[in-house]
Amino acid sequence: MSRVAEPRLFFATMPPPALVEYIGALLERFGLDKRLGSALFALANLHQSLSERIFLPTNEDCAALLRVGAAVSVASCTLHFNRIEGPAGMPGRIHWTMRARGVPKAFTALLQEIQRRLVQAGFGHIATGVTPHMTLSYGAPEPLDKIVLDPPIVWTIDELCLVIGGGHPYRYDIIGRWPLLPEIDPPATQPGLF
């Protein structure tokens, strides 16, 4: 009998479909999709968490967090995912994770703004710190030696989402989304050669 995951509500940002497709192709190229099998997190659910979760949220929780999301006003930020890791030294389950190079100031500002708004609204218990990452598996069958991504995967986070996860198969439904302000200090890009 299939177990239905209890609903959980949290702030996150979701990569655009084209980036999800690119990540899927990259995992295939490295053979990681086959190594993970059913332990691969559904690619449609890839996300960058920006808060802890509220399990079994009430309608009042949803309404309050929708107000928090609407109050957030902060600049977009760009992350550069330059490696995939799955160390054996982690206690419990083995996680395979895409990690970003460094922590951009704009990411820290985004996180601090969300934390501040959550605390003001009485939700300090979910105003936790996170690092720039996307989890590929929460229960990998084996450790993974670090894989360097060169060039890195570049993702500009330009939208904040309030998502609720649950069901079987487990999925995220976006119940609120808010555009972030333009990036203050966008990364330099090389112009195309014609």
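Before I turn to the strands, let me say that two strands count as paired here if DSSP finds at least two bridges between them, and that the model you are looking at is a predicted one.

I would like to start with strand E5, residues 94–100, and work outwards from there. Its partner on one side is strand E4, residues 77–86, and the two are joined in the antiparallel sense over 4 bridges; if you want a place to look, Ile 84 has Met 98 in E5 as its bridge partner. E5 is also joined to strand E6, residues 133–140, by 5 bridges, and this pair again runs antiparallel. Here you can find two of the bridge partners in E6, since Thr 97 is matched with Thr 135, and Arg 99 is matched with His 133.

As a general reminder, strands of a sheet pair through backbone hydrogen bonds, either parallel or antiparallel.

Now, where does E5 sit in the order of the sheet? The sheet is an open one of 4 strands with antiparallel pairing, and its order reads E6-E5-E4-E7, so that E6 and strand E7, residues 144–157, are the edge strands, each pairing on one side only. On average, and with direction ignored, neighbouring strands of this sheet are turned by 20° against each other.

Packed on the sheet is helix H1, residues 17–30, which touches E4, E5, E6 and E7, and whose direction makes about 165° with that of E7.

To come back to E5, is this strand mostly covered or mostly open? It is mostly covered, with 5 of its 7 residues buried.

Notes: Residues numbered from 1 in each chain as written. Predicted model: local features only at pLDDT ≥ 70, side-chain atom pairs only at ≥ 80, totals over all residues. Heavy atoms only, no water. Buried < 20%, exposed > 50% of the residue type's maximum accessible area, 1.4 Å probe, protein only. Axes fitted to C-alpha atoms, helices over the stretch in contact; angles between N-to-C directions. Contact = heavy atoms within 4.5 Å.
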